[in-house]
Amino acid sequence: MGRGKPLTDFEKGQIAAKNDQGLSNRQIARDLGRSLVAINRFIKDPLNHGTKKSPGRPSLLTVRDKRQILRKASNAVITCSKIKCDLNLSVSNETVRRVISKSKFIKYRKMKKAPMLTSVHRQKRLGIRSQNIRTDWRQIVFSDEKKFNCDGPDGYNSYWHDLRKEKLRFSRRNFKGGGCMVWAAISSAGRVKLCFVSKRMDGSEYRYVLRRSLLPFWRRNRHKNYQFMQDGAPCHRARKTIKWLEDRRIPVLTWPACSPDLNIIENVWGYMARKVYEGNKSYDNVGQLKKAIVKAWHAVYQNLLDNLFLSLDNRLYELTLNSGGHINY
């Protein structure tokens, strides 16, 4: 039999008044059209009546079942239906999902992208720490390229949706509306000049960029003994490029492949992307996008660069702990 409606404040007042008049509980129940049990409970404890919360329907899962569900879901790419099947549970998929969502330690998140690391990659990444124990990272100039699209950053856009309002839509054009490639470098002394390059930059174009951006900076700071860091892109490894750097006495720091998490300029790109696409902004043409990129580049403050250079020792320490694997940077 279902639970009846709770007593209203008016009914509680009538019960108290009739009880003071000397009427029996059965008579009060007949007069108000309520059950005798409800009247008895109220008169027995009028102050605490209705404050006790109902425990609800008993759970179909035991405490042990819930622990097993959380163990299965912990840092695993697995569906609720697969968990239910593996544990042979006679509940719905939604019940399993509710158990996981109530956990304080397990949250549903998008998996971060990272390059695939082989055992050779791991060994070379570990070699960075052993080869640069005495390196002053403030003497390193970090460089990299970044692609920006007119329609927004690659991947999905997330936002806080108010259920009372219409859903926001991330509109995209064919081929992402066009875009541009940017080369830049950073040092402890500040930013190096930004350059827009083609999306398929070859060795000759890369040397032109170095001549235009890096060389003036190097001549101004020749007395500081900087080293230049570049990754293993084909245009960076070209023999003419290596000879060009040697002829101008620009020492190059050997850098392992598949290591964007060790290159601090990647964090600068992330900061700029948030500035360029702030508020789900998109651009009608490449010219507008380039202006926004230049504005974001000038907004890269020295404090950010100083903190990134200070983080390099922690990155290498975490790299050692993870045996050359990915780190959380």
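Which residues have the most contacts inside the largest nonpolar core? They are Phe-142 and Phe-148, and that core has 39 residues. Before I go on, please keep in mind that this is a predicted model.

Let me stay with the core for a moment. The elements that each give two or more residues to this core are the strands β1 (140-149) and β2 (179-187), together with the helices α11 (265-276), α12 (286-298), α13 (302-310) and α14. The most comes from α11, which supplies seven residues.

Now Phe-142 itself. What does Phe-142 touch, if we leave out residues up to four places away in sequence? Going up the numbering, the list starts with Trp-137, then Ala-184, Ala-185 and Ile-186. After those come Met-229 and Trp-255, followed by Leu-262, Asn-263, Ile-264 and Ile-265. Phe-309 and Leu-312 complete the list.

There is also a second core, separate from the one just described. This second core has 22 residues, including Leu-214, Phe-228, Trp-244 and Leu-245.

Next, helix packing, with two pairs to show. I will take α11 and α12 to begin with. Their axes come within 9 Å and cross at roughly 125°. An angle of that kind makes α11 oblique to α12. As for handedness, α11 passes α12 in a right-handed crossing. On the α11 side the residues in contact are Val-268, Met-272, Lys-275 and Val-276. On the α12 side they are Leu-289, Ala-292, Ile-293, Ala-296 and Trp-297. How do the residues of this contact of α11 with α12 divide into nonpolar, polar and charged? Eight are nonpolar, none is polar and one is charged.

The other pair is α1, residues 9-20, with α2, residues 25-32. Here the angle is about 140° and the axes are 10 Å apart. Why is this pair called oblique and not roughly antiparallel? The label of roughly antiparallel is kept for angles over 145 degrees, so α1 counts as oblique to α2. The crossing of α1 past α2 is right-handed. From α1, the contact uses Glu-11, Gln-14, Ile-15, Lys-18 and Asn-19. From α2, it uses Asn-25, Ile-28, Asp-31 and Leu-32. Sorted by class, the contact of α1 with α2 has three nonpolar, three polar and three charged residues.

One more residue in this region is Ala-17, which is found in helix α1. Is Ala-17 buried or partly exposed? Its relative accessibility is 35%, and buried would need a value under 20%, so Ala-17 counts as partly exposed. Ala-17 and Ile-28 are eleven residues apart along the chain, and their C-alpha atoms are separated by 10.0 Å.

Last, two points on the backbone. Asn-88 has a positive phi of about 55°, although it is not a glycine. Where does Asn-88 lie? Asn-88 is in the loop between α5 (80-87) and α6 (93-101). Asn-88 is exposed, with a relative accessible area of 70%.

The other residue is Ser-323, again not a glycine, with a positive phi near 55°. Ser-323 sits in the segment after α14 (312-321). With a relative accessible area of 45%, Ser-323 is partly exposed.

That is what I had.

Conventions:
Residues are numbered from 1 along each chain as its sequence is written. This is a predicted model: local features need pLDDT of at least 70, side-chain atom pairs count only at pLDDT 80 or more; totals for chains, interfaces and linings use all residues. Side-chain values use heavy atoms; hydrogens and water are left out. Helices (H or I, at least four residues) and strands (E, at least two) are DSSP runs, numbered from the N terminus. Buried means under 20% relative accessible area, exposed over 50%, partly exposed in between (1.4 Å probe, protein chains only). Axes are lines fitted to C-alpha atoms, for helices over the stretch in contact, and angles run from 0 to 180 degrees between N-to-C directions. Angles under 35 degrees count as roughly parallel, over 145 as roughly antiparallel, 65 to 115 as roughly perpendicular and the rest as oblique. A crossing is left-handed if the near helix is turned anticlockwise from the far one by less than a right angle, and right-handed if clockwise. Contact means heavy atoms within 4.5 Å. Ala, Val, Leu, Ile, Met, Phe, Trp, Tyr, Cys and Pro count as nonpolar, Asp, Glu, Lys and Arg as charged, and the others, Gly among them, as polar. A nonpolar core is a set of buried Ala, Val, Leu, Ile, Met, Phe, Trp, Tyr and Cys residues joined through side-chain atoms within 4.5 Å.
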